[in-house]
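Trainee: I would like a close look at one residue and how exposed it is, followed by a connected account of the other places in this model that deserve a computational chemist's attention.

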Amino acid sequence: MLYSTDHIHGFTLSAKDDELGRVEDIYFDDEKWTLRYLVANTKKWLPGKSVLIPPAALNAINMDDKYFNVNLTKQQVKDSPDIDAHKPISRQHERELLTYYGFVPYWGMTGLWGEGSYPKDISKRENETEEIETSVANEEAHLRSAVEVIGYSIQATDSEFGYVEDFILEEDTWRIRYIVVNTKSFWFGKKVLISPNWITNVDWETQKVYINLSKDRIKSGPEYDSNEPITEEFEKQLDDMYKGQHI
């Protein structure tokens, strides 16, 4: 199943014993373009603390009732390592948070999540060694806020043509499958989808995303309607239109 970050914004995060708060942002990494944490607004009961919930801590998602079932207690969340979501989050901070919740780092191995493809693959195992956890602790973090990146301009090979409006996620892997691009300044509000695989560079200082497709090639792609589900047929149209570009 595919869904947008805009859709899950405001979803309730339900702990084992009570409500934690609501989703106000997501953090994704800019290497593998995968959601790594849900950012919870917990001001009603835990003011002044940034709360990051890793997908590995989730039991279930209820799209109809708009909530995430979190396999944690409020006390566990309250006692979690302090992280300032308004500042760059280091690998060391991530390691402390993941270790506290009983997970191993997702980075430094070949899979999307550690050695596997799903969040549960980073669950701590008895034979995990400290060497895996410490060897990458000082690496540069690659976390980005979706709220921050929304609005970044898109630069095709020949011209600028729109801006980032949303992200489309895979439910099981939490990988960002597509970026929603709003082209209203050029094509009367048409929205299109681009794959992170087509991105050649992101300039975080100038807030610009560079992709290896021309404006006309993107313009000829199918129009995305956020009110309609992304079907296999729609994805096939994307694949056919951008033949040769790996989705």
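Trainee: What is the relative accessible area of Tyr-163, and is this residue buried, partly exposed or exposed?

Mentor: In this model, which is predicted rather than experimental, Tyr-163 has a relative accessible area of 24% and is partly exposed. Because buried means under 20% and exposed means over 50%, the value of 24% places Tyr-163 in the partly exposed class. Tyr-163 belongs to strand β10, and its C-alpha atom is separated by 9.9 Å from that of Gln-207, a residue 44 positions away along the chain.

Gln-207 deserves a look of its own, since its phi is near 60°, a positive value in a residue other than glycine. Most residues other than glycine have a negative phi. Gln-207 sits in the loop between β13 (199-203) and β14 (208-211), where a relative accessibility of 42% makes it partly exposed. Trp-33 also has a positive phi without being a glycine, in its case about 50°, and it lies in the loop between β3 and β4. Trp-33, however, counts as buried, with 9% relative accessibility.

The loop between β3 and β4 also holds Glu-31, which brings us to the salt bridges, of which the model has twelve. Arg-91 is bridged to Glu-31, with the closest N and O atoms 4.0 Å apart, and this pair links distant parts of the chain, given that Arg-91 is in helix α3 (residues 91-100) and the two partners are 60 residues apart. The two ends of this bridge sit in contrasting surroundings, for Arg-91 is buried at 2% relative accessibility, whereas Glu-31 is exposed with a relative accessible area of 52%. Arg-91 has a further salt bridge, to Glu-94, where the closest N and O atoms are 3.1 Å apart. Because Glu-94 and Arg-91 are three residues apart in helix α3, about one helical turn separates them, and both residues are buried.

A bridge within another helix joins Lys-236 to Asp-240, the closest N and O atoms being 2.9 Å apart; these residues are four apart in helix α8 (residues 232-241), which is about one turn of the helix. Asp-240 is partly exposed, with a relative accessible area of 39%. Beyond single pairs, Glu-170, Arg-175, Arg-177 and Glu-235 are connected in a network of salt bridges.

Asp-25, in strand β3, is a charged residue to examine with care, being buried and yet without a salt bridge. Because a salt bridge requires the nitrogen and the carboxyl oxygen to be within 4 Å, the nearest side chain of opposite charge, that of Arg-144 at 12 Å, does not provide one. The side chain of Asp-25 instead makes a polar contact of 2.6 Å with the side chain of Ser-145, and it also reaches the backbone nitrogen of Ala-146 at 3.4 Å.

Turning to the pockets, the largest has about 680 Å³ of space, and 30 residues line it, with Tyr-27, Asp-84, Ala-85, His-86 and Lys-87 lying nearest its centre. Two or more lining residues come from each of β3 (19-29), β4 (34-41), β8 (143-145) and α5 (146-149), while the lining as a whole divides into 13 nonpolar, seven polar and ten charged residues.

The second largest pocket has a volume of about 480 Å³; it is lined by 28 residues, and those closest to its centre are Ser-4, Thr-5, Asp-6, His-7 and Asp-166. Strand β10, the home of Tyr-163, is one of the elements giving two or more residues to this lining, together with β1 (2-4), α1 (5-8), β3 and α5. By class, 15 of these lining residues are nonpolar, six are polar and seven are charged. Finally, Asp-6 and Ser-226 are 220 residues apart in sequence, although their C-alpha atoms are 9.8 Å apart in space; Ser-226, in the loop between α7 (215-219) and α8, is partly exposed at 45% relative accessibility.

Methods. Residues numbered from 1 in each chain as written. Predicted model: local features only at pLDDT ≥ 70, side-chain atom pairs only at ≥ 80, totals over all residues. Heavy atoms only, no water. 1 Å grid on protein atoms, 1.4 Å probe; cavity = no way out; pocket = protein on both sides within 12 Å on 5 of 7 lines; lining within 4 Å. Points joined across faces, edges and corners; volume = space filled by probe spheres on them. Nonpolar A, V, L, I, M, F, W, Y, C, P; charged D, E, K, R; others polar. Buried < 20%, exposed > 50% of the residue type's maximum accessible area, 1.4 Å probe, protein only. Lys, Arg positive; Asp, Glu negative; His and termini not counted. Polar contact = N/O pair within 3.5 Å; in protein donor to acceptor, adjacent residues only side chain to side chain.
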